[in-house]
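User: Got a minute to go through this one with me? I'd like to look at helix packing, strands and backbone oddities.

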Amino acid sequence: MTETGTGTPSQSSGSLNAWITWAIMLAMSLFLQKYLVNDEHWKGDGSPVFLMIGPEGPLSSSYVSEKCLGERLAKRFGGLVVALEHRFYGDSTPFPPENLTTAHLRYLSSRQALADLAWFHSDVVARYNAARSPWVCLGGSYGGALSAWLRIKYPHLVAGAVAVAAPVNVTVTPEWNGNLFRSAAKVGGASCAGALSLLFRETFPTLLHSEAGQQQMEELFAFLNISDIIKYADKSPAAEAAVVSKLSRFVANAVEFNYGLPFLAPWAYPLSEFCHRMCDAAPEDRARAFARYAQEVTVWQQEHESPISSLSTLPWLWQSCTELTDFSTF
């Protein structure tokens, strides 16, 4: 574990040397993995350590700040708050993110992430001389699933786990089958469902398969930083799927929050708002209307520090397709 010298006296960040694969630990297979620590309330060995398991995205300081449950528990029990960034996201990428291939992505899985957390555990114990300290891990959504799995797989390391809205046993049910068109029709009627269908089945694919269309898509969605993926959409079905998946999350989030998720409320852009925008726009203007909607949602999330992460498209698409099945269907 290497300190980088950033943070406040009670909060610090650094990089941890981790193996690219825990199946074959070779010296040439190391990469740097970002971590965060808040030791403001730490009372030493024997006091609890609260491991905040972050999202499938960049790890921010909020995960060890007073805004997180772990910090509030640490304040009450004299504990330490730590967090480790998930491999392949944020600053913890073993390979250049702009050149990821399936040969690289095979090292991205929840099993490897759990091994990273176990390795992090040993480093924190050594650094803080905390051999007698009980550990409690906390996470939400995918991070919540990792929290539960970490307790199951490494019960000798973790005394307890908090798993909020954790998809530990994903199943397809009639009410959560991912069909955005059906949800759009239910809320906004056939006109909303038709606008959504036209946008994702015709407009976006057509734009992605021409040079002029790609340029338009890059301009419309510059705020999402997906230009590099858009450029390959006409050459790679995976790249096209990655773009569509990224954009569909705005609709999927609107579907979910239209029916209310208390831990994410208030949500300013439900599906009814999306339908209103799409139906008011002429067919040729719907891509631009969708981009304005998506940008407003992005700004709103940033201003309100929404728990909805800005997902790193290709890594999360890989995880969705290979083991987690958490993606939108049309």
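Analyst: Sure, we'll take those topics in turn. Bear in mind that this is a predicted model.

User: Helices, then. At what angle do the axes of H3 and H4 cross?

Analyst: Roughly 65°. The axes of H3 (residues 110-127) and H4 (residues 142-153) come within 10 Å. Angles from 65 to 115 degrees count as roughly perpendicular, so H3 is roughly perpendicular to H4.

User: Is that crossing left-handed or right-handed?

Analyst: The crossing of H3 and H4 is right-handed.

User: Which residues make the contact?

Analyst: H3 brings Ser110, Ala113, Leu114 and Leu117. H4 brings Tyr142, Leu146, Trp149, Leu150 and Lys153. By class, the residues of this contact are seven nonpolar, one polar and one charged.

User: Switching to strands. How many residues of S3 are buried?

Analyst: Seven of the nine in S3 (residues 30-38). The strand is therefore largely enclosed by the rest of the structure.

User: And how many bridges join S3 to S5?

Analyst: Four, and the two strands run antiparallel. S5 covers residues 80-84. Val37 sits opposite Val82 of S5.

User: Now the backbone. What is the phi of Phe88?

Analyst: Positive, about 75°, although Phe88 is not a glycine. Phe88 is in the loop between S5 and H2 (102-105).

User: Buried or exposed?

Analyst: Phe88 is buried, with 3% relative accessible area.

User: What about the phi of Asn129?

Analyst: Also positive, about 50°, and Asn129 is not a glycine. Asn129 lies in the loop between H3 and S6 (135-140). Its relative accessibility is 57%, so Asn129 counts as exposed.

Definitions and conventions: Residues numbered from 1 in each chain as written. Predicted model: local features only at pLDDT ≥ 70, side-chain atom pairs only at ≥ 80, totals over all residues. Heavy atoms only, no water. Axes fitted to C-alpha atoms, helices over the stretch in contact; angles between N-to-C directions. Parallel < 35°, antiparallel > 145°, perpendicular 65-115°, else oblique. Left-handed = near helix turned anticlockwise from the far one by under 90°. Contact = heavy atoms within 4.5 Å. Nonpolar A, V, L, I, M, F, W, Y, C, P; charged D, E, K, R; others polar. Buried < 20%, exposed > 50% of the residue type's maximum accessible area, 1.4 Å probe, protein only. Pairing = 2+ DSSP bridges.
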